[in-house]
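Me: I am new to this structure and would like a close look at one part of it. Please walk me through the strands and the turns that link them, then set them in the whole chain.

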Amino acid sequence: MITGYEDALKAAGAKIIAFEAFGDYQGSWLALVEYNGERGWVQGSFGSCDHCDAFEAEFGYFAEEEDDYLVRLKSFGESYLGGLQTTKQVLSNYEPVSEWDMDAQDVIFWVRETVQTYGDSL
């Protein structure tokens with residue numbers, strides 16, 4: 001279901017530059033996007049069931065069969081795109097917990113690698 005978040009961002013009109021999920025059955029995801037002429041980071045979390053995963057709670061397993069799926073998917077994606085973050089903001093969320101949170105270490109490494117690959121105008 002993690003790909004559902006990426007699909008939702010695209011349905012909302014974002015161009016995905018890079019997308020990655022961190023964690024196993026629950027964790028966080030991060031995307032570098034271009035949206036409304038701006039470039040920035042979007043982040044969210046995911047879980048393993050409809051009680052702890054926003055996408056699964058909203059859409060379930062058979063949502064693509066529903067008539068209004070694409071409209072709902074676009075709206076869901078827009079809810080994440082309201083405030084794009086800078087690289088500095090994203091790193092400031094993860095650096096304080098990186099001593100004990102292994103996923104945070106992975107996020108920091110990935111963000112820095114992504115910025116090195118795609119540039120940072122943030």
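**The strands and their turns**

Reply: Start with the first turn. Strands β1 and β2 form a hairpin, with three residues between them. Keep in mind that this is a predicted model.

β1 covers residues 15–23, and β2 covers residues 27–35. The two strands run antiparallel. Eight bridges join them. Two of the facing pairs can be named. Lys15 of the chain stands opposite Glu34 in β2. Phe19 stands opposite Ala31 in β2.

Now follow β2 to its other partner. β3 spans 38–46. β2 and β3 also pair in the antiparallel sense, over nine bridges. Look again at Glu34. Its bridge partner in β3 is Arg39. Glu34 in β2 also has Lys15 opposite it. β2 therefore has bridges to β1 and to β3, and seven of its nine residues are buried, so β2 is largely enclosed by the rest of the structure.

The second turn deserves a pause. β2 and β3 form a hairpin with two residues between the strands. Asn36 sits in this loop. Which sign does the phi of Asn36 have, positive or negative? The value is positive, near 50 degrees. Asn36 is a residue other than glycine. Most residues other than glycine have a negative phi. Is Asn36 buried or exposed? Its relative accessibility is 64%, and the cut-off for exposed is over 50%, so Asn36 counts as exposed.

Move on past β3. Gly47 lies in the loop between β3 and α2, and α2 covers 54–59. Gly47 has a relative accessible area of 12%. Buried means under 20%, so Gly47 is buried. What is Gly47 in contact with, leaving aside its neighbours within four places in sequence? The residues are Tyr25, Gln26, Cys52 and Asp53. Asp24 gives another reference point. Gly47 and Asp24 are 23 residues apart in sequence, and their C-alpha atoms are 8.8 Å apart in space.

Now step back to the whole chain. There are three strands and five helices. From the N terminus, the order is α-β-β-β-α-α-α-α. The strands β1, β2 and β3 thus follow one helix and come before four others.

What about the overall form? The chain has 122 residues, and a compact globule of that length would have a radius of gyration near 14 Å. The chain has 15 Å, which agrees. Its C-alpha atoms fill a box of roughly 45 × 35 × 20 Å, taken along the principal axes.

Burial can be put in context too. Buried residues make up 39% of the 122 residues in the chain. In β2, seven of nine are buried. Contacts also reach along the sequence. Among those between residues at least 6 apart, 48% join residues at least 24 apart.

Finish at the surface. The accessible surface of the chain comes to about 7,100 Å². Carbon and sulfur atoms account for 47% of that area. The chain has 7 positive and 23 negative charges. Their mean positions are 11 Å apart.

Note on methods:
Residues are numbered from 1 along each chain as its sequence is written. This is a predicted model: local features need pLDDT of at least 70, side-chain atom pairs count only at pLDDT 80 or more; totals for chains, interfaces and linings use all residues. Side-chain values use heavy atoms; hydrogens and water are left out. The radius of gyration is taken over C-alpha atoms; the globule rule is 2.2 Å times the number of residues to the power 0.38. Buried means under 20% relative accessible area, exposed over 50%, partly exposed in between (1.4 Å probe, protein chains only). Contact means heavy atoms within 4.5 Å. Accessible areas come from the Shrake-Rupley method with a 1.4 Å probe; for residues, only the protein chains shown count as cover. Lys and Arg count as positive and Asp and Glu as negative; His and the chain ends are not counted. The place of a charge is taken as NZ of Lys, CZ of Arg, CG of Asp or CD of Glu. Two strands pair if DSSP finds at least two bridges between them.
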